[in-house]
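Let's walk through this structure together, from one residue outward to the whole fold. Keep the model open beside the text and turn it as you read.

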Amino acid sequence: MIFRHDQITVKFPETTTPDAKAAAAVQELLGGKFGEMSTLMNYTFQSFNFRGRSKLRPFYDLISNIAAEEYSHIEAVSYAINLLLSGTTTRADRNKPAKKGADPAPLKDQEDARISSHFLNSGQTALPMDSMGRFWTGENVFSSGNLKLDLLHNFFLECGARAGKIRVYESTDNPTARAAVGYLLVRGGVHVVAYAKALEVLTGANVGAILPIPDVSNKKFPEARKLEENEGLHTIMYHQSKDYTQLSKIWNGPHPEDGKPLVVTDELPKGYPAPDLDMEPQLAAPGDIDPGMLKYYADKL
Ligand code: MN
Ligand code: MN
């Protein structure tokens, strides 16, 4: 079972510039083929489906532990999208009657939005879809029943996810989007190394030698570099459960890139309060119900 902490792991900037295009780009990291929905559901199902776990316990613990961490990633990415969408349309004040001549189309600013569902099917919020507005699908889940194959898949998935993060970073300079991407690059980097090491333990192959994929260090991205240099976030595997006792059989030794020691900790990841965002009032457009119309029907009744 999962226990939730009502905190998010990404420290967002104090203020966010509304940015529907950046929100659409970040959707790729949530519901794209290589997004957080995919990593979450792949590892979750692989952990449920894991047979022979008494013999292969360290691998079961690792996959289960990373699955739990991915939950915090869909959470953080969703908040990034919500922050970016806040204020992208005209905001009416619900407590005041609509002004004469007020804009009768408060969503018009987003008539050409890349993802119209942000405005037409939700209250300007994150949805489980990619940057093209295609909904995430369970077809993205791979759970073969063969541990070596699943670990290879997971390694590939994390490397593909890393490429996606880098390209989203390149497609927007919005600091809120980049705060999320920087964090995910670091933690995704942990998962790349974790699956590489799991394959090494299982097979003896030197998978770490082919890192990084793509060939660029996280330290090139200022938001990621800060987390690696100040917090050592690229070396830490957080115990997501006290039951996963064998993580250190895989997560140990030097980090393949900078040689820093890999550590498993019982400490919680740093948490920050989840943003409490204003309501979006547009369902009442063009304003409050016309008092004349209300009186007409009240009299009729
Ligand atoms: Mn992730
Ligand atoms: Mn991951």
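A good place to begin in this predicted model is Glu223, which is buried because 21 other C-beta atoms lie within 10 Å of its own. The residue sits in helix 7. Leaving aside residues up to four places away in sequence, Glu223 touches Arg178, Ala179, Val181 and Gly182. Helix 6 covers residues 175-203, and we will come back to it shortly. You can also use Glu223 as a reference point for His73: the two are 150 residues apart in sequence, and their C-alpha atoms are 16 Å apart in space.

Now zoom out to the whole chain. The protein has eight helices and four strands, and from the N terminus on these run β-α-α-α-α-α-α-α-β-β-β-α. Along its principal axes, the C-alpha trace spans about 80 × 40 × 30 Å. Of the 301 residues, 42% count as buried. How much of the contact list comes from residues 24 or more positions apart? Such pairs account for 78% of the contacts with a separation of 6 or more.

Two helices of 29 residues deserve a look, beginning with helix 3, residues 57-85. At 1.5 Å a residue, helix 3 should span 42 Å, and its end C-alpha atoms are 43 Å apart, so expectation and model agree. Helix 3 is also mostly covered, with 24 of its 29 residues buried. Just after this helix, Gly87 takes a positive phi of about 85°.

Helix 6 can be read in the same way. Its 29 residues should span 42 Å at 1.5 Å a residue, and the end C-alpha atoms are 41 Å apart, which agrees. Because 24 of its 29 residues are buried, helix 6 is largely enclosed by the rest of the structure. The residue that follows helix 6 is Gly204, whose phi is positive, near 90°.

Next comes the packing of the helices. Two packed helices are described by the angle between their axes and the distance between the axes. Helix 5, residues 147-171, is a handy centre for this part of the tour.

Start with its partner helix 6. The axes of helix 5 and helix 6 come within 9 Å and cross at roughly 160°. Since angles over 145 degrees count as roughly antiparallel, helix 5 is therefore roughly antiparallel to helix 6. Helix 5 passes helix 6 in a left-handed crossing. By class, the residues of this contact comprise 17 nonpolar, four polar and five charged.

Turn next to helix 1, residues 20-31, whose axis comes within 10 Å of that of helix 5 and crosses it at roughly 175°. Helix 1 and helix 5 are therefore roughly antiparallel to each other. On the helix 1 side, Ala25, Val26, Glu28 and Leu29 take part, and they meet Gly164, Lys165, Val168 and Ser171 in helix 5. The residues of this contact divide into four nonpolar, two polar and two charged.

Helix 2, residues 36-48, also packs on helix 5: their axes come within 11 Å and cross at roughly 170°. Here too the two helices are therefore roughly antiparallel, and the crossing of helix 2 and helix 5 is left-handed. Ser38, Thr39, Asn42, Tyr43 and Gln46 of helix 2 meet Asp150, Asn154, Leu157 and Ala161 of helix 5. In this contact there are three nonpolar residues, five polar and one charged.

Finally, some backbone details in the loops are worth a visit. Most residues other than glycine have a negative phi, and most peptide bonds are trans. Where does Gln124 lie? Gln124 is found in the loop between helix 4 (117-120) and helix 5. This residue has a positive phi of about 65° although it is not a glycine. Gln124 is buried because 23 other C-beta atoms lie within 10 Å.

Two cis peptide bonds complete the tour. One joins Leu211 and Pro212, with omega about -5°, and Pro212 lies in the loop between helix 6 and helix 7 (222-231). Another joins Ile213 and Pro214, with omega about -20°; Pro214 too lies in the loop between helix 6 and helix 7. From there the chain leads back to helix 7, the home of Glu223, where we began.

Key:
Residues numbered from 1 in each chain as written. Chains lettered and ligands numbered in written order. Predicted model: local features only at pLDDT ≥ 70, side-chain atom pairs only at ≥ 80, totals over all residues. Expected span 1.5 Å × (residues − 1). Buried ≥ 20, exposed ≤ 12 C-beta atoms within 10 Å, placed from the backbone. Axes fitted to C-alpha atoms, helices over the stretch in contact; angles between N-to-C directions. Parallel < 35°, antiparallel > 145°, perpendicular 65-115°, else oblique. Contact = placed C-beta atoms within 7 Å. Nonpolar A, V, L, I, M, F, W, Y, C, P; charged D, E, K, R; others polar. Left-handed = near helix turned anticlockwise from the far one by under 90°.
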